[in-house]
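Biologist: Good morning. Could you take me through this structure, beginning with how the chains meet and then turning to the ligand?

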Amino acid sequence: MRYIEQQQVVKRMNGRKIINSIFKGIFMLATLLALLALVILLYRIITQGAGHLSLDFLTNFASRFPEQAGIKAALVGSLWLMAVVAPTALILGVGSAIYLEEYAKRNRVTDFIRVNISNLAGVPSVVFGLLGLTIFVRALALGTSVLAAGFTMSLLILPVIIVASQEAIRSVPGELRDASLGMGATKWQTIVKIILPAAIPGILTGSILALSRAIGETAPLIVVGIPVIIQFLPSGVMDTFTALPMQIYDWSSRPQQEFQVVAAAGIIVLMAFLLFMNSIAVIIRNKFNKRY
Amino acid sequence: MTMNSTAIATDAVIEQDIVSSNSVYKTNQLNLWYGANHALKNIDLDIKENEVTAIIGPSGCGKSTYIKTLNRMVELVPSVKTSGEILYRGRNIFDKSYGVEELRTRVGMVFQKPNPFPKSIYDNVAYGPRIHGIKNKKILDEIVEKSLRGAAIWDEVKDRLTENAYSISGGQQQRICIARALAIEPDVILMDEPTSALDPISTLKIEELVQELKKDYSIIIVTHNMQQAARISDKTAFFLNGEVVEYDTTDTIFSNPSDKRTEDYISGRFG
Ligand SMILES: Nc1ncnc2c1ncn2[C@@H]1O[C@H](COP(=O)(O)OP(=O)(O)O)[C@@H](O)[C@H]1O
Ligand SMILES: [Mg+2]
């Protein structure tokens with residue numbers, strides 16, 4: 001006796017195919033909606049701000065007059081901020097991840113630490129701003145400097161970098177570790193020569209996302225007390241500065257309609273900045289991407 | 001360790017072998033636990049140099065655990081506790097002062113599944129010499145060629161040394177792993193079921209290779225293929241439930257075992 005009747009199968013086949021197309025349609029729609037929102041956003045900002053984009057916009061300082069307002073201080077300030085955040089957050093973040101995954105024994109204390117690092121990733125950025133204000137600005141008397149804001153931002157994105165790096169390190173096959181240790185390599189040699197090269201694509205993906213967040217975040221900078229109207233460039237990490245999101249926030253909260261245009265131009269610059277960083281990440285990732 | 005002193009040590013080993021056959025490993029009353037699981041029980045084994053020692057037994061009897069204890073890789077499992085001693089060339093490898101990296105430099109290991117690094121064939125083989133400090137390109141070239149020849153794979157890969165080791169077949173990958181182990185000029189080679197993931201022809205090649213290698217190295221090989229043990233080994237240890245039931249020359253084990261359980265196992269009555 002046969003359990004499967006071909007006629008039944010054919011009859012049901014049509015219904016199954018229809019269900020398949022319905023779901024395909026739903027998923028496509030979801031993707032399209034997200035894409036649409038993005039396109040509308042880009043369209044609005046570009047049509048609004050493109051007219052104001054010019055070399056002057058990039059080389060002028062902020063101004064009371066919208067037609068003269070430029071983004072120079074904020075752009076350079078954001079670069080300075082990155083110069084502090086990227087090395088600080090990467091070294092601390094990847095270092096912690098290596099320690100937790102490769103060196104730390106699994107016990108209650110380290111389990112507790114692991115769980116809480118993930119929790120920290122969910123803490124609102126304002127709270128990190130308050131932390132930065134208390135520790136870096138006041139206690140360590142760094143003031144509203146690049147260093148104080150940079151450390152604050154580093155703390156903010158550290159949990160994300162640690163978790164992403166842990167994930168990347170954990171996904172390196174254990175056999176590679178065994179193979180290296182089995183030849184008398186030390187743990188450190190194994191980490192540097194085998195684990196990190198294999199984990200770098202994953203580490204970078206997480207880290208660049210985190211750094212992008214640091215570029216775009218406004219709340220911690222406001223809490224720390226970073227000024228907006230600045231007519232000079234910082235000449236070192238101890239100088240005060242302003243950053244792209246601060247400047248954009250300031251422009252967009254002004255009553256004059258003309259400043260909305262300036263804000264849109266600022267957003268275009270910020271997005272170009274992010275795009276640039278992401279492409280660097282993609283390039284490095286492709287360079288290191290190896291099969292295993 | 002420099003390559004020179006290693007080479008001299010290997011020569012000395014060969015000379016000694018002519019005079020008398022020495023022990024490389026003496027295991028005395030070894031016990032090992034994974035947490036509460038008593039995986040190795042009172043193991044006593046005396047392993048001779050320049051011989052192939054096969055370890056056979058049913059799955060889960062502790063073969064892998066034992067061979068991984070010989071280079072202390074088993075300690076990577078956090079719950080492991082041991083007692084007893086393992087003397088490698090007369091020194092207890094569990095001694096606090098015994099450097100685990102030094103031990104693993106003398107005792108190479110080939111794993112069950114080929115595990116090349118995601119690097120070129122050349123870089124795979126050069127990995128060991130490099131981590132032990134050899135930078136000279138010419139010397140590295142020589143070591144790589146010698147090791148690949150030693151692993152009987154030179155002719156197959158000599159034109160594609162810069163290709164990723166993942167681009168070759170599983171059997172070839174396993175011989176690359178053997179070449180990689182040879183490149184640090186070890187004294188002992190541990191192999192944990194090195195052919196279980198391979199096709200019959202690759203298996204045959206590796207078996208022939210083992211015969212060739214025992215001239216220069218002492219080889220300890222885990223296998224659950226009894227014909228393989230009979231074909232390639234000089235001594236055989238039969239493990240069961242974490243104990244050594246019988247340890248003797250391979251001929252004796254397979255033709256005239258003294259323990260009933262050994263006889264049952266090799267005649268295929270269980271396992
Ligand atoms: N990493 C581990 N953690 C806990 N128990 C293990 C581990 N590896 C092996 N064991 C246990 O040790 C015993 C021997 O295993 P193993 O040495 O792998 O056997 P074999 O290689 O002979 O098949 C088994 O009972 C197994 O469950
Ligand atoms: Mg096993």
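Modeller: The interface between the chains comes first, and the surroundings of the ligand follow. Please keep in mind that this is a predicted model.

Biologist: Understood. How many residues of chain B are in contact with chain A?

Modeller: On the side of chain B there are 25 residues, and they are in contact with 18 residues of chain A. Chain B and chain A bury about 1900 Å² between them, and 64% of that area is on carbon and sulfur atoms.

Biologist: Which residues in chain B lose the most area to chain A?

Modeller: They are B:Pro118, B:Tyr127 and B:Ile131, which together account for 28% of what the side of chain B buries.

Biologist: What is the count of salt bridges between the two chains?

Modeller: There is 1 salt bridge between chain B and chain A. A:Glu175 forms it with B:Lys113, and the closest N and O atoms are 3.1 Å apart. In addition, 6 residue pairs are in polar contact across this interface, both residues of each pair being at pLDDT 80 or more.

Biologist: Which elements of chain B give two or more residues to that side?

Modeller: Those are helix H3 (100–106), strand E6 (107–110), helix H4 (121–131) and helix H7 (170–182) of chain B. The largest share comes from H4(B), with 4 residues. Divided by class, the residues of chain B that touch chain A are 13 nonpolar, 6 polar and 6 charged.

Biologist: And how many salt bridges does the structure hold over all chains?

Modeller: The total over all chains is 27. As for the pair A:Glu175 and B:Lys113, A:Glu175 lies in helix H7 (residues 174–181) of chain A and B:Lys113 in the loop between E6 and H4 of chain B, so this pair joins two chains.

Biologist: Let us change topic. Which residues surround ligand 1?

Modeller: They belong to chain B, and among them are B:Pro58, B:Gly60, B:Lys63, B:Thr65 and B:Val77. By class, the shell has 5 nonpolar, 6 polar and 1 charged residues. Strand E2 (37–48) and helix H2 (63–70) of chain B each supply at least two residues of this shell, and H2(B) gives the most, with 3 residues.

Biologist: Where do polar side-chain atoms of B:Asn37 and B:Ser64 lie relative to the ligand?

Modeller: For B:Ser64, a polar side-chain atom lies 2.7 Å from an oxygen atom of ligand 1. For B:Asn37, the distance from such an atom to an oxygen atom of ligand 1 is 3.4 Å. B:Tyr34 has an N or O atom in its side chain that is 3.4 Å from a nitrogen atom of ligand 1.

Biologist: What percentage of the ligand's area does the protein bury?

Modeller: Ligand 1 exposes 560 Å² when taken alone, and the protein buries 63% of that.

Key. Residues are numbered from 1 along each chain as its sequence is written. Chains are lettered from A and ligands numbered from 1 in the order in which they are written. This is a predicted model: local features need pLDDT of at least 70, side-chain atom pairs count only at pLDDT 80 or more; totals for chains, interfaces and linings use all residues. Side-chain values use heavy atoms; hydrogens and water are left out. Contact means heavy atoms within 4.5 Å. Buried area is the accessible area (1.4 Å probe) that two parts lose on being put together, summed over both. A salt bridge is a side-chain nitrogen of Lys or Arg within 4 Å of a carboxyl oxygen of Asp or Glu. A polar contact is a pair of N or O atoms within 3.5 Å; within protein, one must be able to donate a hydrogen and the other to accept it, and residues adjacent in sequence count only if both atoms are side-chain atoms. Ala, Val, Leu, Ile, Met, Phe, Trp, Tyr, Cys and Pro count as nonpolar, Asp, Glu, Lys and Arg as charged, and the others, Gly among them, as polar. A residue is near a molecule or strand if one of its heavy atoms lies within 4 Å of it. Accessible areas come from the Shrake-Rupley method with a 1.4 Å probe; for residues, only the protein chains shown count as cover.
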